[in-house]
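This report covers cysteine pairing, a pocket and a helix in one protein chain. The sequence and coordinates come before the discussion.

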Amino acid sequence: LFTSNFLYSQPFAIGETSITFTDQARNNRTVPTEIFYPAITAGVNTTAATGQHCVVAFGHGFLISYSQYVWLANALVPLGYIVAFPDTETGFPNHGDFGGDIAFLVNAIQNEGSISSSIFFGAVGNTSAIGGHSMGGGASFLGANSNNTINALFNFAAAETNPSAIAAAANVLVPTLIFEASNDCVTPSAGNTGDMYDNLSTSCNNLITITGASHCQFANSDFICTLGEISCSPSISQAAQESAVLEYLVPFLNLHLKNDCQSADTFNNIITNPSNSTVQSNCLLSNNLMVSITNPPTVI
């Protein structure tokens, strides 16, 4: 059974800071990072809000700046999440290194919580999730591969990577929420998200296909990405696509990072009664009932 230890919604202001971390375990690799966090007042380097805030590390898509995902931080930070974007692999990428960066940031930021000189001193909780979009989505599987330091994995239109994200999915140890778009000709389900989902074996796996959504609308306006999907434009707005993501993502994260029982019920309801999407799920829910849903009819 789950207990509710956190408020479902907390109106935190959004702080922002830039930190370049060094991963000594990977030949002192530097990982410049943009971090958005719950703050007492909004702004750059403002004081972090009191509390133990969950960590979310998120990887950008190929040739897409982290700044195109600030919409995600704007949604999660007010609810009590620290959202970190590694600003690495921005050119010709090394997928393995990027997956390592995403995973590394969780421990790096949690360590900041114990450093008295850090802006995050005393403000970082011990639960976390990693995620990403497209290339970053595939890299998030690499980061989650056999990783027992995180609590959940989520991604948007994840792309197959080298090394293989599909193969890495078999070694994911945590609840996983995968989003894909019905109008995606950049990373179609076969060979990408669909195969990653099929290769998962954890007790809570979910694949959400958003009707009318496109690959690039998981990020804010990006010319290069949009040019790549000129033959498969969306039939819903970007605002509607982001709203559809958050309808599933917020209760998923609140459930698995905050152990919130209300969110368990909310997530249960949305995956069994999907809105503007189709759902495949094999998820252990709050009432300890294993629910299996395969290709239900789209609900509009």
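## Disulfides

Two disulfides are present in the structure, which is a predicted model. One of them joins Cys185 to Cys232, with 1.9 Å between the sulfur atoms. This bond connects distant parts of the chain, as the two cysteines are 47 residues apart. Cys185 sits in the loop between β8 (176-183) and α5 (193-199), and Cys232 in the loop between α6 and α7 (238-258). The torsion about the S-S bond is -60°, a left-handed link for Cys185 and Cys232. Cys185 is partly exposed at a relative accessible area of 36%, whereas Cys232 is buried at 11%.

The other pairing is that of Cys204 with Cys283, whose sulfur atoms lie 2.0 Å apart. Here too distant parts of the chain are linked: Cys204 belongs to strand β9 (residues 204-214) and Cys283 to strand β10 (residues 277-284), with their positions 79 residues apart in the numbering. The disulfide of Cys204 and Cys283 is left-handed because the torsion about its S-S bond is about -60°. Cys204 is buried, its relative accessible area being 2%, and Cys283 is buried as well, at 1%.

## Cysteines without a bond

Why is the sulfur of Cys54 not bonded to the closest cysteine sulfur, in Cys261? The two sulfur atoms are 15 Å apart, which is too far for a bond, since a disulfide requires sulfur atoms within 2.5 Å. Seen from the other side, the closest cysteine sulfur to that of Cys261 is in Cys54, at the 15 Å already given.

The surroundings of these cysteines can be stated briefly. Cys54 counts as buried, with 2% relative accessibility. Cys261 is partly exposed, with a relative accessible area of 32%.

## Largest pocket

The largest pocket holds about 220 Å³ of space. Its lining consists of 15 residues, and those nearest the centre are Phe62, Ser134, Val186, His215 and Cys225. By class, the lining residues of this pocket are eight nonpolar, six polar and one charged. Helix α6 (residues 223-228) supplies three residues, the largest share of the lining.

Among the residues nearest the centre of the pocket is Ser134, located in the loop between β6 (124-133) and α3 (135-144). Is Ser134 buried or exposed? With a relative accessible area of 8%, Ser134 is buried, because the cut-off for that class is under 20%. The C-alpha atom of Ser134 is 21 Å from that of Ser281, a residue 147 positions away along the chain.

## Helix α8

Helix α8 covers residues 261-272, 12 residues in total. From the first C-alpha to the last, α8 reaches 17 Å, close to the 16 Å expected at 1.5 Å a residue. At the N-terminal end, Asp260 acts as a cap for α8, with a side-chain oxygen 3.3 Å from the backbone nitrogen of Gln262.

Which residues of α8 are buried? They are Ser263, Ala264, Phe267, Asn268, Ile270 and Ile271. An α-helix has 3.6 residues a turn, so residues three or four places apart point the same way. Ser263, Phe267 and Ile270 are among the buried residues of α8, as are Ala264, Asn268 and Ile271.

Terms used:
Residues are numbered from 1 along each chain as its sequence is written. This is a predicted model: local features need pLDDT of at least 70, side-chain atom pairs count only at pLDDT 80 or more; totals for chains, interfaces and linings use all residues. Side-chain values use heavy atoms; hydrogens and water are left out. On a 1 Å grid over the protein atoms alone, a cavity is a set of points where a 1.4 Å probe fits but cannot get out, and a pocket is an open set with protein on both sides within 12 Å along at least five of seven lines; lining residues have an atom within 4 Å of a point. Grid points are joined across faces, edges and corners, and a volume is the space filled by probe spheres set on the points. Helices (H or I, at least four residues) and strands (E, at least two) are DSSP runs, numbered from the N terminus. Ala, Val, Leu, Ile, Met, Phe, Trp, Tyr, Cys and Pro count as nonpolar, Asp, Glu, Lys and Arg as charged, and the others, Gly among them, as polar. The expected span of a helix is 1.5 Å times one less than its number of residues. Buried means under 20% relative accessible area, exposed over 50%, partly exposed in between (1.4 Å probe, protein chains only). A polar contact is a pair of N or O atoms within 3.5 Å; within protein, one must be able to donate a hydrogen and the other to accept it, and residues adjacent in sequence count only if both atoms are side-chain atoms.
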